[in-house]
Amino acid sequence: MPQLQPQSQPHATAYAPYAATSTEDIPWLFLDARAYRRLGLVTIRHLGGTTTRANHVIVSNYGIFVIEENTETGTFQASPGINWTQYRGEQSLEIPNPVRQVSNEVQALLEALELPGSHFHPAVFFTSGQAYLKGEVPDNVIAEGFTDYVKRFKKVILSDSQVEEIVTQLTTPKTPAKPEHKPQARPPTQPTHSRPAPGRHEPAHPVPTPAPNQTKNIIYGLAALLLGALITSLLVNWLN
């Protein structure tokens, strides 16, 4: 059989932290734990952040069984619609259609494991022993004989290595991807000032250079002072 070839970016990830090594803790499940690998409470996380949970997932050479367990008692009116009707005594209430629920779980697992739909066997099992089904009940909705139902599937779909690979994938904790760190822009470098050569001393406070108009005013002022001094000297000489 060809090996599983996962895509680079799956649409969902699945994790089953409660992997069972035997089926003895499930009183209604009489299967060889070596041939049927049960995983309890599989959580499928979608890319958008939503999650889907499956009560039981059994991985075997004969496919992947996804089981929606219902422990309620009473009479259940099945229908292909969104809801079923549950009757207990004189009371009745609407409950979500369990067939649709398990179909959503299969679809989520299909995206996480990237396997074709033919590899999955969805089932709804009422385990109370006091559940009575009527109406349009699908073949995969049962109230007793679950082990016999599973053993109906005899066609080998998955090799031993594929079964082991799927179990490992579902029981390995998923590490969230670390956010990508973009390099921060460096601040602009400040211009460096060259040090004075040895023996030269730069003034502590640079002398400001006069503006052109200020220079002209200084020259005119000096000329006026010289002219005034010359006139004074001539007057003194004339009076003497």
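Let's begin with the whole chain: among contacts with a separation of 6 or more, 60% are between residues 24 or more positions apart. The model is predicted, and the exercises below walk through it step by step.

## Exercise 1: Taking stock of the chain

Find how many helices and strands the chain has, and what share of its residues is buried.

*Solution.* Start with the secondary structure: there are four helices and 11 strands. Next, look at burial: 31% of the 240 residues count as buried.

## Exercise 2: Checking helix H3

Work out whether the length of helix H3 agrees or disagrees with what its residue count predicts, and where its buried residues lie.

*Solution.* Step one is the expected span. Helix H3 covers residues 160-171, which is 12 residues, and at 1.5 Å a residue it should span 16 Å. The expected span uses one less than the number of residues.

Step two is the comparison. The end C-alpha atoms of H3 are 17 Å apart, which agrees with the expected value.

Step three is burial. The buried residues of H3 are Gln162, Val163, Ile166, Val167 and Leu170. Looking down the axis of H3, these buried residues fall within an arc of 135°, so they line one face of the helix. The general background is that an α-helix has 3.6 residues a turn, so residues three or four places apart point the same way.

## Exercise 3: Mapping the nonpolar cores

Identify which elements build the largest nonpolar core and which residues have the most contacts inside it.

*Solution.* First, the size: the largest nonpolar core has 33 residues, and Val42, Ile64 and Leu109 have the most contacts inside it. Then trace the contributors. Strands S3 (36-46), S4 (51-60), S5 (63-70), S6 (74-78) and S9 (120-126) each give two or more residues, as do helices H1 (98-113) and H3. The most comes from H1, with seven residues.

Now zoom in on Leu109. Beyond residues up to four places away in sequence, Leu109 touches Ala14, Val42, Ile44, Val57, Val66, Glu114, Phe120 and Leu170. Apart from this core there is a second, separate one of 12 residues, and among its members are Leu31, Ile67, Ala123 and Val150. As background, nonpolar side chains in soluble globular proteins tend to be buried together.

## Exercise 4: Two residues compared

Decide for Val42 and for Ala35 whether each is buried or partly exposed, and list what each one contacts.

*Solution.* Take Val42 first. Val42 sits in strand S3. Its relative accessible area is 0%, so Val42 is buried, since the cut-off is under 20%. Setting aside neighbours within four places in sequence, Val42 contacts Ala14, Tyr15, Ala16, Thr52, Arg53, Ala54, Val57, Leu109 and Leu170. Leu170 is 128 residues away from Val42 along the chain, with 7.8 Å between their C-alpha atoms.

Now take Ala35, which lies in the loop between strand S2 (18-19) and S3. Its relative accessibility is 27%, so Ala35 counts as partly exposed. Without neighbours within four places in sequence, the contacts of Ala35 are Val59, Ser60 and Asn61. Ala35 and Val163 are also 128 residues apart in sequence, and their C-alpha atoms are 9.6 Å apart.

## Exercise 5: Assembling a sheet

Put the strands of the open four-stranded sheet in order and say which pairs run parallel or antiparallel.

*Solution.* Begin with S6. S6 and strand S10 (residues 131-135) run parallel and are joined by five bridges; Gly74 has Ala131 of S10 as its bridge partner. S6 also pairs with strand S7 (residues 83-88), antiparallel over three bridges, and Phe76 has Gln86 of S7 as its bridge partner. S6 and S7 form a hairpin with four residues between them.

Move on to S7 and S8, which are antiparallel and joined by six bridges; Asn83 stands opposite Pro96 in S8.

Put together, the order is S8-S7-S6-S10, with mixed pairing. Strand S8 (91-96) and S10 are the edge strands, each pairing on one side only. On average, neighbouring strands of this sheet are turned by 25° against each other, direction ignored.

## Exercise 6: Positive phi angles

Locate Leu41 and Glu114, and give the phi value of each.

*Solution.* Leu41 is in strand S3 and has a positive phi near 50°, though it is a residue other than glycine. Glu114 lies in the loop between H1 and S9, and its phi is positive at about 55° although it is not a glycine.

Terms used
Residues numbered from 1 in each chain as written. Predicted model: local features only at pLDDT ≥ 70, side-chain atom pairs only at ≥ 80, totals over all residues. Heavy atoms only, no water. Buried < 20%, exposed > 50% of the residue type's maximum accessible area, 1.4 Å probe, protein only. Arc of directions from axis to C-beta. Core = buried A, V, L, I, M, F, W, Y, C linked by side-chain atoms within 4.5 Å. Contact = heavy atoms within 4.5 Å. Pairing = 2+ DSSP bridges. Axes fitted to C-alpha atoms, helices over the stretch in contact; angles between N-to-C directions.
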